[in-house]
Amino acid sequence: LHGQHCPPYVINLDPAVHDLPFPANIDIRDTVKYKEVMKQYGLGPNGGIVTSLNLFATRFDQVMKFIEKRQNASKYVIIDTPGQIEVFTWSASGTIITEALASSFPSVVVYVMDTSRSTNPITFMSNMLYACSILYKTKLPFIVVMNKTDIIDHSFAVEWMQDFETFQDALNQETSYVSNLTRSMSLVLDEFYSSLKVVGISAVLGTGLDDFFVQLSKAVDEYEREYRPEYERLRKTLEEAQNKKKRDQLEHLWKDMGSVCVQGNTLAGFDDASAMGPPELILTRGTLDEEEEERESDTDDIDHEVTEESHEEPAFRNFMQETRMKYQRSNPNE
């Protein structure tokens with residue numbers, strides 16, 4: 001993408017990775033220290049990753065703001081998740097992050113599998129079961145990317161998915177007890193295979209990437225056609241619930257303060273100030289193009305957020321002072 005002058009906005013969500021082979025605009029390791037989390041909570045490797053993701057998910061609304069700012073400059077946002085499927089797909093934080101993204105942007109799940117390690121039919125079936133579980137858990141357009149085609153071509157895997165008899169012949173050479181289960185599961189996954197988008201690529205040579213972006217475009221169309229309406233409905237329901245909760249809290253506040261005359265615009269000022277949220281903690285790296293790089297520092301996202309909040313603070317302070325004065329006039333004996 002950088003070579004095509006279409007730089008993506010990259011987010012790393014794996015707190016345990018040692019070295020990233022690509023530059024990341026947002027890196028979870030800048031916000032959450034994985035080893036410190038393990039020490040403080042007495043956790044093992046997987047538990048440390050899950051807890052780090054949980055902590056990061058509490059601030060993911062800030063990540064969403066950064067993505068919104070960059071959506072006109074970057075066509076693609078790449079989010080690299082932890083490789084352990086149970087850590088992200090089946091965790092609460094993984095669900096929160098996935099649904100937050102899918103409710104606001106066209107989102108596609110890309111499942112990368114190792115082609116050279118899937119030549120055994122039982123291992124291949126295990127990979128397909130993982131893929132199937134992720135598809136139905138995320139409820140999003142799904143692409144299976146068979147990587148390392150420079151070692152072995154992925155055509156054998158495509159044939160296994162398209163021709164049941166060919167896969168059964170490969171299974172007949174296996175004598176383990178798992179082969180019988182695999183044979184039964186291949187029938188179950190037949191419907192799953194029929195609509196699955198599969199691409200073979202080589203990350204080393206770059207082959208197959210053109211086909212991948214074609215499939216990605218189709219997946220985005222599928223999102224707009226089939227998935228966006230449902231997420232719009234869910235988001236509207238959530239916003240209505242949040243607004244109702246906010247109104248209830250305001251009503252309780254005024255009851256606690258007593259009978260105070262409040263102007264409509266003053267109430268709106270309070271509502272705006274209360275929506276400022278917590279201080280910014282998510283760190284970002286770098287910019288998207290050379291012109292921005294000359295104008296902005298690496299921490300521009302953070303500086304910009306703080307500046308926005310500083311404009312809100314005087315209005316909030318003025319409102320609170322005005323409210324206190326009205327309360328004192330209405331209750332002179334207190």
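Two strands are taken to pair if DSSP finds at least two bridges between them, and with that criterion in hand one can turn to the small set of strands in this predicted model. Strand β1, which spans residues 9–12, pairs with β3 in the parallel sense over 4 bridges, and within this pairing Tyr9 stands opposite Val77 of β3. Strands of a sheet pair through backbone hydrogen bonds, in either a parallel or an antiparallel sense.

The pairing of β1 with β3 belongs to an open sheet of 3 strands, arranged in the order β2-β1-β3 with parallel pairing. Because β2 (26–27) and β3 (77–80) stand at the edges and each has a single partner strand, one side of each is left without a neighbour in the sheet.

From the sheet the reader may move to a helical part of the chain. According to the unreviewed UniProt entry, the annotation "coiled-coil region" covers residues 224–251. Over residues 224–251 the model is 100% helix and 0% strand, and the C-alpha atoms at the two ends are 39 Å apart.

Charged side chains offer another way through the structure. Side chains of opposite charge can pair when their charged atoms come close. With a salt bridge taken as a side-chain nitrogen of Lys or Arg within 4 Å of a carboxyl oxygen of Asp or Glu, the count comes to 9 salt bridges.

One of these joins the side chains of Glu226 and Arg225, with an N to O distance of 3.5 Å. Glu226 is partly exposed, at a relative accessible area of 47%, whereas Arg225 counts as exposed at 55%, since the term exposed applies over 50%.

A further salt bridge links Asp248 and Lys244, at 3.3 Å from N to O. These two residues lie 4 residues apart in helix α12 (residues 209–257), so they are separated by about one helical turn. Both ends of this bridge are partly exposed, Asp248 at 30% relative accessibility and Lys244 with a relative accessible area of 48%.

Elsewhere, salt bridges that share partners join Asp114, Arg117 and Lys148 into one network. Within that network, the side chains of Asp114 and Arg117 meet at 3.7 Å, again taken from N to O. Their surroundings contrast: Asp114 has 18% relative accessibility and therefore counts as buried, the limit for that term being under 20%, while Arg117 is exposed, with a relative accessible area of 63%.

Note on methods. Residues numbered from 1 in each chain as written. Predicted model: local features only at pLDDT ≥ 70, side-chain atom pairs only at ≥ 80, totals over all residues. Heavy atoms only, no water. UniProt positions renumbered as here; feature names shortened; annotations may be inferred. Buried < 20%, exposed > 50% of the residue type's maximum accessible area, 1.4 Å probe, protein only.
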